[in-house]
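Please open the model in your viewer and keep the selection panel at hand. The stops below go from the whole assembly down to single residues.

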2 protein chains.
Amino acid sequence: MSALPLGATIGILGGGQLGRMLALAASRLGVKSHIYCPDPASPAFDVTPLKTVAAYEDEEALRRFAASVDVVTYEFENVPAETARIIAGIVPLRPGAEALAVSQDRLAEKQFISGVGIPVAPFCKVESLADLDAAIAALGLPAVLKTTRLGYDGKGQRTIHKPEDAAEAFAALSPKPLVLEAFIPFEQEISVVVARGLDGALAAFDPAENLHRHHILKTSTVPAAIPASLAAEAVRTAGAIATALDYVGVMGVEFFVAPGTPGGLIVNEIAPRVHNSGHWTEAVCVTDQFEQHIRAILGWPLGDPMRLADVVMENLVGDEIAAIPDSLGPGMRPHAYGKAESRLGRKMGHINRIIRRTGAK
Amino acid sequence: MSALPLGATIGILGGGQLGRMLALAASRLGVKSHIYCPDPASPAFDVTPLKTVAAYEDEEALRRFAASVDVVTYEFENVPAETARIIAGIVPLRPGAEALAVSQDRLAEKQFISGVGIPVAPFCKVESLADLDAAIAALGLPAVLKTTRLGYDGKGQRTIHKPEDAAEAFAALSPKPLVLEAFIPFEQEISVVVARGLDGALAAFDPAENLHRHHILKTSTVPAAIPASLAAEAVRTAGAIATALDYVGVMGVEFFVAPGTPGGLIVNEIAPRVHNSGHWTEAVCVTDQFEQHIRAILGWPLGDPMRLADVVMENLVGDEIAAIPDSLGPGMRPHAYGKAESRLGRKMGHINRIIRRTGAK
């Protein structure tokens, strides 16, 4: 349980922008990064000389990788269970296997979270059309049918408005394991990025208010326009989930602000990694989410998440990356991910617009 | 004169912490870095896969390097003139050759700065002991005898208190070209990091107040405890020097606050590169000095240097690096340079202590 030293090497599964930003943060802490990714054009390969290009199922490559680093983390929750098992047999994997197992299966996730007494949208497991009809009867409509695994950015889900839509939605998504979730009429979506250290200490960033466009995060605004009591409850809830998972690292927790529900907050989903809605932290916090994650997995004390200014983070999707450097103005802090090819719907970078606080000199 | 695109590659001469931090900033802008350094253990080699290990006099290696990148910059002012000439014949070198020529020769530097009407300490060129005696007669004592080239961190200089010290000081430093400078009784040392874009635009960070220990920068505090009028004059002066040099990039300008002099400010020296006394910018500015330098040499618009909080930057020298991660507290933001070996007097990292402003929420 001791802390890894300066000069340690972390292994990162996944070579996208999150892996890249983790590696950049590790460098600021005097720590090396080794990126493991099957895609030879991974943007994270540009920020460290240490890389492995191999499949996540390549046991030989995984063993070599794990043996060459001091700790392994990941930038995505869909790390295969067998990959995680191989690595964890050689070197610490942080966050651990339970966080992966829970977060990569939507049904397991909802069972886990509700199991620790935290509100989620009412849900039913769906294995057949008969299950779906029963679930609709139990939860009412509208409701959302989702694959339990590998859904992201709105992929792998169908909203069912009328009973006669059920068969088509089921046909479109089966035979994958499915879950039906009650539709929660929510006013806002917020998220909390929380960190938990190896010693169990918690540190959360302020909640962000998120807007999506075409099912992709468009902006995160901090502070969120919510009462302080609700912000505190969201932070408390995120910490409780991290503690229940015996989590080590940074975790994103998405909430619906749903005034019709008892506590006014519903957990939508968790992500066992740094989170797009936490990219604002790099611009205005003493410690950003990437450094915080690296500190946690190294076994170091967590950093200070204090926020110095208000901020709006905007994702640059597809051709929007042209905003860097063309149209930057006062308070704008750009981040480009170094992806060679801009594709429709591909996250290419982001801009933090920093708003100096009223009252500051 | 057009701007280089996202995906461009910059070449950096020098693989120390400044080159490393420049490469990290370039990565945040979606730009690749190729590090050129003779030392195979250079810390900057850990933050990019593109490197050349070769001498600065290796013409073949220099040509290959220059041909593989879109622009070249450097982390140290003592780039040999011939090295600069070879590179500039192939690809833009920014800042340019004049900035190098002026800043790597203390006599040329003082002549240039005073030539544009900016106060420096009175000085005399010294080529012989007779010159030194005449210089002492002209400038009075105490005075400081300095080598004109390759001095740093207090190396290459002797303070002369009494006429009879002259011969020993001359013997210790000659036959190198020398300059005698009048000793300026100063109250504070401040510095301004200023950027000048390819379009001639200027952007300066707030002046920092610097304290040294054993001739090595120990802390930079921002804001400096000086009147606003003096801060404005320092910023204006730094910009005037950059403009006079037709400079492109970030430049550090060190000043003595000397109440006995006409304007109250004396330029001590300039550094044609990112500057140790600007490391605080990474913690509290919208754009930090490293990103600002990269933007300038890419021909991009300069970023916003707005400061969000007060800050004290402390260098970690030698074994002081152990402060990371052991003794970090609230408001502390660490940066370790990834140097394998901690030696006496070697800069190993720094910590920014961020102080939230009074009046902010």
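Begin with both chains: in this predicted model, chain A can be laid on chain B with an RMSD of 0.0 Å by a turn of 180° and a shift of 0.0 Å along the axis, which is the relation of a two-fold axis; the superposition is by least squares on the C-alpha atoms of residues with pLDDT of at least 70 in both copies. Because the model is predicted, local features need pLDDT of at least 70 and side-chain atom pairs count only at pLDDT 80 or more, whereas totals for chains, interfaces and linings use all residues. Residues are numbered from 1 along each chain as its sequence is written, and side-chain values use heavy atoms, with hydrogens and water left out.

Next, select the strands of chain A (DSSP runs of E, at least two residues; helices are runs of H or I, at least four). Four of them form an open, parallel sheet in the order β3-β2-β1-β4. Strands β3 (50-52) and β4 (71-74) of chain A stand at its edges with a single partner each, so one side of each is left without a neighbour in the sheet. Zoom in on His34(A), which stands opposite Leu50(A) in β3(A).

Now move to chain B and select helix α10 (residues 289-298), where 10 of its 10 residues are buried, meaning under 20% relative accessible area with a 1.4 Å probe and protein chains only. At the N-terminal end of α10(B), Asp288(B) acts as the cap, with a side-chain oxygen 3.0 Å from the backbone nitrogen of Phe290(B). Just after α10(B), look for Gly299(B), which takes a positive phi of about 80°.

Notes:
Chains are lettered from A and ligands numbered from 1 in the order in which they are written. Buried means under 20% relative accessible area, exposed over 50%, partly exposed in between (1.4 Å probe, protein chains only). A polar contact is a pair of N or O atoms within 3.5 Å; within protein, one must be able to donate a hydrogen and the other to accept it, and residues adjacent in sequence count only if both atoms are side-chain atoms. Two strands pair if DSSP finds at least two bridges between them.
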